[in-house]
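Work through the exercises below with the sequence and the structure at hand. Each task is followed by its solution.

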Amino acid sequence: MNYKNITVAGSGVLGSQIAFQTAYKGFDVSVYDINDEAIEKAKERITKLKQRYQEDLSASQEDVDAAFNRMSFHSDLAKAVAHADLVIEAVPEVIQIKTDFYKQLGSVAPEHTVFATNSSTLLPSQFAEATGRPEKFLALHFANEIWINNTAEVMKHPGTDETVFQDVLDFAEAIEMVALPLHKEQPGYILNSLLVPFLEAAQMLLVKEVADPETIDKTWMVGTGSPKGPFAILDVVGIKTAYNISKAKADATGSQEYAKLAQLLKEEYLDKGKLGVETGEGFFKYPSE
Ligand SMILES: NC(=O)c1ccc[n+]([C@@H]2O[C@H](COP(=O)([O-])OP(=O)(O)OC[C@H]3O[C@@H](n4cnc5c(N)ncnc54)[C@H](O)[C@@H]3O)[C@@H](O)[C@H]2O)c1
């Protein structure tokens, strides 16, 4: 892997984190977003990230300032990618936006540039053709708060070149992620393929009134030695997200169980302002009991 210049496209929640982590680890990073207003927001986000790195990682002022100085900001895509070895795409999770973005990117990026999508729910094969370079395209998926939750799931689509796959795994390690190779396309990658059914199983035990959240979490923690149970994880994810998922499933399938779960989450938690860790209370109270 001889990447030096990295472009991050889309500088929202995840894009700004990916850009800052990459610059923090010594790469030159060019940040692209659609207009100057979005770029200003990115700079604000990154200023906040500098503080988090100092609080959470004991990073020095010098180190976070040096990282910021390795970053450049652009609202012109051709300029943003002119020297890019790798473009990491973190634009909104909307098929049309991503497809249009890849068509434009494919026409302005240098021939050698590798493209990676951070999409959580869409598969790289959906965009491989639009990139114009399917062999140099794959998924590189980070988790929110990447400086702490440092997984990088690197996933091929059927047309990805093996060398590109290895290079992106090496890059992920170079920015201090735990690089996790996925050799085949898998919706939800590894983490959500495990986590989503696990969290659903826990919520179904609650809906069926088998046990309360505390007992369910205690069973999991004592029985497996895990530091957190499913309801503590749901409090971190946010109960609004859990509600949206169960409501969508209920609407799509007509399932009574999911409808009951959505109703329970709404009436017992959301309507009472209990959204999870972010509001100080969800299934449990925070700071934790
Ligand atoms: N938020 C998360 O926890 C999380 C975790 C892992 C992966 N992701 C993935 O990362 C991607 C971005 O998610 P996010 O939460 O950072 O979204 P976000 O809405 O916070 O940020 C999206 C950014 O893209 C910009 N944008 C909009 N249209 C654009 C375009 N045409 N070209 C370039 N930039 C454009 C927006 O101005 C914004 O800055 C999604 O694919 C999502 O699935 C998100």
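**Exercise 1.** Find the residues that V168 contacts beyond its neighbours within four places in sequence.

Solution. Two residues are in contact if their C-beta atoms, placed from the backbone, lie within 7 Å. With the neighbours within four places set aside, V168 is in contact with V114, A116, L138, L140 and V154. The model is predicted: local features need pLDDT of at least 70, side-chain atom pairs count only at pLDDT 80 or more, and totals for chains, interfaces and linings use all residues. Numbering starts from 1 along each chain as its sequence is written.

**Exercise 2.** Place V168 in the largest nonpolar core.

Solution. The largest nonpolar core has 53 residues, and V8, V87, I88, A116, L138, L140 and V168 touch the most other members. Helix α1 (residues 13-24) gives the most to this core, with six residues. A second, separate core of 14 residues includes I216, Y258, L261 and Y269. (A nonpolar core is a set of buried Ala, Val, Leu, Ile, Met, Phe, Trp, Tyr and Cys residues joined through C-beta atoms within 7 Å; buried means that 20 or more other C-beta atoms lie within 10 Å of the residue's own.)

**Exercise 3.** Which residues of helices α9 and α10 make their contact?

Solution. The axes of α9 (residues 213-224) and α10 (residues 230-237) come within 7 Å and cross at roughly 110°. The two helices are therefore roughly perpendicular (angles of 65 to 115 degrees). From α9 the contact takes P213, I216, D217 and W220, and from α10 it takes P230, F231 and A232.

Methods
Axes are lines fitted to C-alpha atoms, for helices over the stretch in contact, and angles run from 0 to 180 degrees between N-to-C directions. Helices (H or I, at least four residues) and strands (E, at least two) are DSSP runs, numbered from the N terminus. Angles under 35 degrees count as roughly parallel, over 145 as roughly antiparallel, 65 to 115 as roughly perpendicular and the rest as oblique. A residue is buried if 20 or more other C-beta atoms lie within 10 Å of its own, exposed if 12 or fewer, and partly exposed in between; C-beta atoms are placed from the backbone.
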